[in-house]
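Subject: Structure for you to look at

Hi,

Here is the structure I promised to pass on. Please open it alongside this email, and you can follow my notes residue by residue.

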Amino acid sequence: MIDQVEMMRAIERFRGDAMVVPVFRANGAWAKVTNNVKRDIPVGGAMGKASSVALGLALSQPDTKVILFDGDGSLLMNLGSLVTIANKGPKNLVHFVMDNGVYATTGGQEVPGVGVADYADLATSAGYAHSYRFDDLEDFVTRAEEVFSQEGPVFVAAKVIPDIRLPEERAAGGQRRTPEAVLDLREQFAAAD
Ligand SMILES: Cc1ncc(C[n+]2csc(CCOP(=O)(O)OP(=O)(O)O)c2C)c(N)n1
């Protein structure tokens, strides 16, 4: 299993000006490594909808990469988005599912299908252009360049260590929230017009 902060450190090197959409625990992890916070658009609360938000961003800004860090519980709540994304075929979307096997944010309850449902297979059968699965950090680091150079939509299922520590134990806080991210983005899009 992979430490998601370490995995994200490797991803940040390929990030450039990509917009990054992290959900729940992935948001806290990404906050530790991001170097371009104004291009980070966390989606909290609206569980399951980050994949739809990322699709919208990717379609509206086709020349900019969009990196989505979905949760497994979140993806399960909007599994149809795999088919919708594949159908739209955004070449600039890289969709990670941080598969920790649990709803970490609400205390670590097991998600359905652990050890049975295969998200990479689901993405392939939905029609994603490329689909990967990783459960080893070194393996991911070795192939990260390939992952980010593919034409999307690209799907990456990553088996990550669940972080079910309470906020005070995780030294959480200071994370970016959706409303400020949307305002920042609006300014950037307006300036580019
Ligand atoms: C529609 C809806 N149901 C329930 C919740 C409460 N909730 C917030 S986070 C979360 C778990 C998210 O799990 P996952 O996507 O796997 O991310 P993780 O917490 O493991 O990073 C739940 C159930 C919610 N925000 N929205």
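**A buried aspartate**

Asp99 has a relative accessible area of 9%, so Asp99 counts as buried. Before I go further, please keep in mind that this is a predicted model. Asp99 sits in strand 3, which covers residues 93-99. What does the side chain of Asp99 touch? It makes a polar contact of 2.9 Å with the side chain of Lys159.

**The cavity**

Asp99 and Lys159 turn up again in the lining of the largest cavity. How many cavities of 30 Å³ or more does a search of the whole structure find? The search finds one, and the volume of the largest cavity comes to about 50 Å³. Alongside Asp99 and Lys159, the lining is made up of Gly101, Val111, Pro112, Gly113, Val114, Gly115, Ala117 and Tyr119. Sorted by class, five of the lining residues are nonpolar, three are polar and two are charged.

**Around the ligand**

The ligand has 15 residues around it. Asp72, Gly73, Ser74, Asn100 and Thr105 are the closest of them. Two side chains are worth a look here. In Ser74, an N or O atom of the side chain is 2.5 Å from an oxygen atom of the ligand. In Thr105, a polar side-chain atom also lies 2.5 Å from a ligand oxygen atom. There is a backbone approach too: a polar backbone atom of Gly45 is 3.0 Å from a nitrogen atom of the ligand.

**Aromatic residues**

You will find eight aromatic pairs in the structure. Why is the pair of Tyr128 and Phe155 called edge-to-face? The ring centres are 5.5 Å apart and the planes meet at 85 degrees, which is over the 60 degrees needed, so Tyr128 and Phe155 count as edge-to-face. This pair links distant parts of the chain, as its members are 27 residues apart. Tyr128 belongs to the loop between helix 6 (119-126) and strand 6 (130-134), while Phe155 belongs to strand 7 (residues 154-159). Both residues are buried: Tyr128 has a relative accessibility of 5%, and Phe155 has one of 0%.

Tyr132 and Phe134 make a stacked pair, with 6.0 Å from centre to centre and 10 degrees between the planes. Tyr132 is buried at a relative accessible area of 7%, and Phe134 is buried at 3%. Tyr132 and Phe134 also belong to one aromatic cluster, together with Phe14, Trp30, Phe69, Phe96, Phe140 and Phe148.

**Backbone details and one last pair**

Where should you look for a cis peptide bond? The bond from Gly152 to Pro153 is cis, and its omega is near 0 degrees. Pro153 lies in the loop between helix 7 (137-149) and strand 7.

Phe24 deserves a glance as well. Its phi is near 40 degrees, a positive value in a residue other than glycine. Phe24 is part of helix 2 (residues 24-31), and with a relative accessible area of 29% it is partly exposed.

Finally, Thr84 is found in helix 5 (residues 80-88). At a relative accessible area of 43%, Thr84 is partly exposed. Its C-alpha atom is separated by 8.8 Å from that of Leu55, and the two residues are 29 apart along the chain.

Best wishes

Methods. Residues are numbered from 1 along each chain as its sequence is written. This is a predicted model: local features need pLDDT of at least 70, side-chain atom pairs count only at pLDDT 80 or more; totals for chains, interfaces and linings use all residues. Side-chain values use heavy atoms; hydrogens and water are left out. Rings of Phe, Tyr and Trp (its six-membered ring) pair if their centres lie within 6.5 Å; planes under 30 degrees apart count as stacked, over 60 as edge-to-face and the rest as tilted. Helices (H or I, at least four residues) and strands (E, at least two) are DSSP runs, numbered from the N terminus. Buried means under 20% relative accessible area, exposed over 50%, partly exposed in between (1.4 Å probe, protein chains only). On a 1 Å grid over the protein atoms alone, a cavity is a set of points where a 1.4 Å probe fits but cannot get out, and a pocket is an open set with protein on both sides within 12 Å along at least five of seven lines; lining residues have an atom within 4 Å of a point. Grid points are joined across faces, edges and corners, and a volume is the space filled by probe spheres set on the points. Ala, Val, Leu, Ile, Met, Phe, Trp, Tyr, Cys and Pro count as nonpolar, Asp, Glu, Lys and Arg as charged, and the others, Gly among them, as polar. A residue is near a molecule or strand if one of its heavy atoms lies within 4 Å of it. A polar contact is a pair of N or O atoms within 3.5 Å; within protein, one must be able to donate a hydrogen and the other to accept it, and residues adjacent in sequence count only if both atoms are side-chain atoms.
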